[in-house]
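Reader: I work at the bench and would love a close look at one part of this protein: its salt bridges. Could you walk me through them and show me where the partners sit?

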Amino acid sequence: MKFQRLHQHRTVDEYFKDFETTLVRLNMHDNEESKIAKFVSGLRREIKDFVELHEYSSLKKVVHLAIKVESHLLKTTFKHTHQF
């Protein structure tokens, strides 16, 4: 049940750490594809929408892409809120 409710509330990196901890705690040995699907489903909508447009072969690559998307979104938001 806790795994089903796991969603990103902070950074992607922090969410991934929570995700990994939950996998270990629940002793889950899902295949890579299942882990990827569960991880992506818990991402914030604006990150998830972008990540879902790409193909990925490993959870590590998905996490890296999500972090890059998050960084880009933060830069874009910062530029828009700090224009003179």
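Author: Happy to! Let's begin in helix H1, which spans residues 12-25 and holds both lysine 17 and aspartate 13. These two residues are four apart, about one turn of the helix. Their side chains meet in a salt bridge, with an N to O distance of 3.3 Å. Please keep in mind as we go that this is a predicted model. As for exposure, lysine 17 is partly exposed, at a relative accessible area of 48%. Its partner aspartate 13 is partly exposed too, at 33%.

Another residue of interest here is aspartate 18, whose side chain forms a salt bridge with that of arginine 10 at 2.7 Å, N to O. Arginine 10 has a relative accessibility of 46%, so it counts as partly exposed. Aspartate 18 comes out at 31% and is likewise classed as partly exposed.

Now let's move along the chain to helix H3, residues 45-51, where arginine 45 and aspartate 49 lie four residues apart, a separation of about one helical turn. The side chains of this pair meet in a salt bridge of 3.0 Å, again N to O. Arginine 45 has a relative accessible area of 52% and is therefore exposed, since the cut-off for that class is over 50%. Aspartate 49, at 36%, is partly exposed.

There is also a small network to look at: Arg44, Glu46 and Glu70 are joined into one by salt bridges that share partners. Glutamate 70 deserves a pause of its own. This residue is found in helix H4, which covers residues 59-81. Its relative accessibility is 10%, so glutamate 70 counts as buried, the class for values under 20%.

What surrounds glutamate 70 once its neighbours within four places in sequence are left aside? Its contacts are Gln8, Arg10, Thr11, Val12, Arg44 and Ile47. Two of those names will be familiar: Arg10 is the residue that bridges to aspartate 18, and Arg44 belongs to the network with Glu46 and Glu70. Another contact, isoleucine 47, is 23 residues away from glutamate 70 along the chain, yet their C-alpha atoms are separated by 6.5 Å.

To put these pairs in context, the count for the model comes to six salt bridges. If you are looking at the structure on screen, a good pair to find is lysine 17 with aspartate 13 in helix H1, and after that you could look for glutamate 70 in helix H4.

Key
Residues numbered from 1 in each chain as written. Predicted model: local features only at pLDDT ≥ 70, side-chain atom pairs only at ≥ 80, totals over all residues. Heavy atoms only, no water. Salt bridge = Lys/Arg side-chain N within 4 Å of Asp/Glu carboxyl O. Buried < 20%, exposed > 50% of the residue type's maximum accessible area, 1.4 Å probe, protein only. Contact = heavy atoms within 4.5 Å.
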